[in-house]
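Me: Could you take a close look at a single part of this model for me, chain B and how it meets its neighbours? I'd be glad of cut-offs along the way.

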Amino acid sequence: MNRSAIDLWVGIFVAIGFGAIIFLALKVGNLVTLDSTPGYHLDASFDNIGGLKLRAPVKAAGVVVGRVEAVRLDTKVYDAVVTMRIDRQYEFTKDTIASINTSGLLGEVYIGLDAGGDSVMLKDGDRIKKTQSAVVIEKLISQFLFDKASGGAAGEAAPVKTVEKPAGETKK
Amino acid sequence: MSAELTAGVAQWLRRIGGAVTGAASKLGFASRFLLAVLWHTPGAFRRMHLTLREIYFSGVLSLVIILMSGLFVGMVLSLQGYETLKRYGADEQLGILVALSLVRELGPVMSGLLFASRAGSAITAEIGLMKTTEQLAAMEMMAVDPLARVVAPRFWGGVISMPLLAALFSAFGIFGGYVVGVRLIGIDAGAFWGQMKAGVDVWPDVTNGIIKSFVFGIAVSLIAVFEGYDAKPTAEGVSSATTRTVVMSSLMILALDFVMTVFMFRGASVI
Amino acid sequence: MSIPAKPSSSRAAEAIAACRVDPAAAAVELTDVSFAYDVRPILSGITMTIPRGKIVAIMGASGSGKTTILRLIGGQLRPKSGGVCVGGLSVPDLEPEGLYALRRKFGMLFQFGALFTDMSVFENIAFPMREHTELPEELIRDLVLMKLHAVGLRGAAHLMPAELSGGMARRVALARAIALDPMLVMYDEPFAGLDPISLGVIGQLIRRLNDALSITSVVVTHDVYESLKIVDYLYFVSEGRIVAAGTPEEVRASRDPFVRQFIDGAADGPVAFHYPAPAYREELFADVG
C-alpha cells in the first residue's frame, strides 16, 4: 500500500466521518437551538408545574419561542417560579397568559403563551401575571369523585363547592 | 494441622497481596506509559505519514464492520422499538427512539467494542510481535525511540479514528432505522424525521456522544499499545496480550460509559 | 524492556572522568562488571578490553551471559557494579540524550536480523540514514545501494523481509548495521542457524568490513570453527565468569580443560553433562524399602 493510496483513503475516511457528525448535528439534532440567538427573560409563578423540565420548550400558537431556563420554589408563598428565555424577536403583551400544557397524552410538558390585547409589552425581567398551573391527574380524579359524592348526597341543585383549589383555576 | 492451615492461609494472603501490588504497579507503569506516549506526540505528528498510516489501519479498515453493524443495529432497533411503542400509541416517536439510543449510547459503545476487538487487538499483536522479533530493541539500539516511532502513531491513529467511526455507526444506524421504520413498516417520514429533530439536541445528545467516543478511543488505544509493549516476547505472551486488550478495553468502555452517562444525562431530567 | 529509566545524577563530564582509559587504544573496556536480575547473578568480575579496530569474540555455552555483556555495552542494561567504558564514555552514567548520541555510533546485528517487517530491504537500510541525517533522498539512495553492494545484495533492494532467506536477511541486517559507518559493531550470534555457504559469507563479511571501514567488532557466538577463522582475540565465558582468553593460535594450542571441551565439542568436562540431580541409585530405588 503506497503512500498516496493511504493518504487518499484516510482523507475519504475523515471526510465521511465528519460528514456523519454534521449529519447528526443538522439533520438529526436541532442545531438551531435558541440558546445562541439573543433573548430576554420572563418569570412566571405556578401552583404546580407538573412534569415541566429544564429546557422544556415555551410555545406560542404551537411555535417554539423559547426555553425554560430555571425553576425554583418561592418559600414565601410556596409557589414554583419558572424563568423562561424568550427569543428576542418575539414580544408578548403584558396580559399574556402562561399555562402548562402537555402535548398529547404521553407527550412532553411545555409552557404555552396566549397573548392578550394589552398595548404594553413585557420587557426583560418582567413577570407574567396570569398563569395556569398544570393539570394533575390525581387532583382531577379526586375532585371528580368528590363532586360525584357531594352532588349525589345533596341533590343536583347544590352548586359544587370544593375546599381545595381546583386545578385550572386562574390565579390573579 | 493448625500449622498447615496457617501456612495455607498465609500463602493465600500473600498471593492476594502480590496480585494487588502487581495490579497497582502495572497501573502505575501504565500511567507513566501514557505520559511517555503523550510526551512523544509531537514526534508522532512530525512523522505525519506514520500517523496517517495508522489511521488507515485502525479506521479505514474498520469501516466495513462498523457500517454494517450500525446498519443492522439501527434496523433492529426500529423493528423492536416499533412493536413496543405501538402498544402505547406512540409509534410516531420511533424516530426519537432510534436516534437517541444510537447517538447517546449504542453508537459510541458498540463502535468502541467493535474497534477494540478489530483494531485494538491488531495493534497489540503488531507491537507484541515487533517486540518478540527484537525489532523494538533494534530500533532502540539505532537510537530511535520506539515510543515515538511505533507506539505514539498507533495511539493517535486510534484516538482520531474512534469518534469518526462512532458518528458513522450512529448515522448508518439512523439510516437503517429509517429504512425499516418508514419504508418497511410505513411510519410517516415526516413524523419520523420531525420528531427526531425535535427530540435530539446537539447539546447534550450529539456532543456528549462524541465526547464519549473520544474518551473510549483514548482508553482502547492506550490499552492496546500498552499491552503490546508490555507483552512477554513469546508466542503465548503475544496471544494473551491480545486477549487482555480485548477484555480490558471492553470492560473499560462499559465502565466509563456508565460513569459518563451519570454525569452527562442526569441533568436533563432533574429540576 | 522498559521505558528508559532515569539515569543517575552524574553529569556527562563525570561520565568521561570515570573512564580512566586511553580512548585511542581501546574502544570498549569492561572493568570488574557484575550484573544480576534481582537475586539471580548473571555476570561477576567481568574484565575485558576490546582494542580499536580488532574483532573480539565472546564465546560460551547458551545462557552463560554473553548476550548480557552486549546489552551492557549498548547501555540497555546497567551493571550492578563495575565500569563499562565505550569510546572514553562511561555508559551507565550517560543521560538519555548522551546514550542516544553514543548509539548513533554503534551498529548492532541481532540474532535473526530483526529487520522491520513492514518495510522493504531498501527502506530498512535507509531507516537510520533518514532518522539521523538530513541527507537528500538521492544521496541516501546511493548510500543504500553501496551498503547493499558491500554485502552482495544490491539486486534485492526492493524485496520485503519476509521474502528473504535466513542468510540473506542476516546480510541485509549487516548492511543496516553499518549504514551510518559506525565505530563499533556488535554481532549477536551471527552464525546461528545458517547453511555452510552463508556461514562462510557472513564470516568473510565481518572480517572484510571490519578492516575496510576501520571499525571495532564484538562477536558473541558459540561457533568455534567460524570464529577462529576471522577473529583477533577470544574470551570464554562460563556461568558469568571469564574462564579463558587468548588469540586464535593460543586458543587452538590451549590445555585449559574448558577451552578444550569447547573446541573439541566433548560432551562432558568442566561444563557437566548431567544437570544437577540427586544420586541416580537413590532416585531409582527411592520407594523401595
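Reply: Happy to help; what follows starts with chain B itself and then moves to its contacts with the other chains.

A word on conventions: this is a predicted model, in which local features need pLDDT of at least 70 and side-chain atom pairs count only at pLDDT 80 or more, while totals for chains, interfaces and linings use all residues. Residues are numbered from 1 along each chain as its sequence is written, and chains are lettered from A and ligands numbered from 1 in the order in which they are written.

Chain B has 10 helices and 0 strands (helices are DSSP runs of H or I with at least four residues, strands are runs of E with at least two, and both are numbered from the N terminus). Along its principal axes, the C-alpha atoms of chain B fill a box of roughly 70 × 60 × 35 Å. Of its 271 residues, 51% count as buried, meaning that 20 or more other C-beta atoms, placed from the backbone, lie within 10 Å of the residue's own. Among the contacts in chain B with a separation of 6 or more, 87% link residues 24 or more positions apart; a contact requires C-beta atoms, placed from the backbone, within 7 Å.

Turning to chain A, 29 residues of chain B are in contact with 23 residues of chain A. On the chain B side, the elements that give two or more residues are α3 (48-58), α5 (94-132), α7 (146-185), α8 (189-199) and α9 (202-230). The largest share, 6 residues, comes from α7(B). By class, this side of chain B divides into 21 nonpolar, 4 polar and 4 charged residues (nonpolar covers Ala, Val, Leu, Ile, Met, Phe, Trp, Tyr, Cys and Pro; charged covers Asp, Glu, Lys and Arg; the others, Gly among them, are polar).

Chain C is the other partner to look at. That contact takes 16 residues from chain C and 15 residues from chain B. On the chain C side, α3 (96-103), β6 (106-109) and α4 each give two or more residues, with the largest share, 3 residues, coming from α4(C). This side of chain C has 10 nonpolar, 3 polar and 3 charged residues.

Within chain C, α4(C) also meets α5(C): C:Phe122, C:Ile125, C:Ala126, C:Met129 and C:Arg130 in α4(C) face C:Ile140, C:Leu143, C:Val144, C:Lys147 and C:Leu148 in α5(C). The residues of that helix contact divide into 8 nonpolar, no polar and 2 charged.

Terms used: Two residues are in contact if their C-beta atoms, placed from the backbone, lie within 7 Å. A residue is buried if 20 or more other C-beta atoms lie within 10 Å of its own, exposed if 12 or fewer, and partly exposed in between; C-beta atoms are placed from the backbone.
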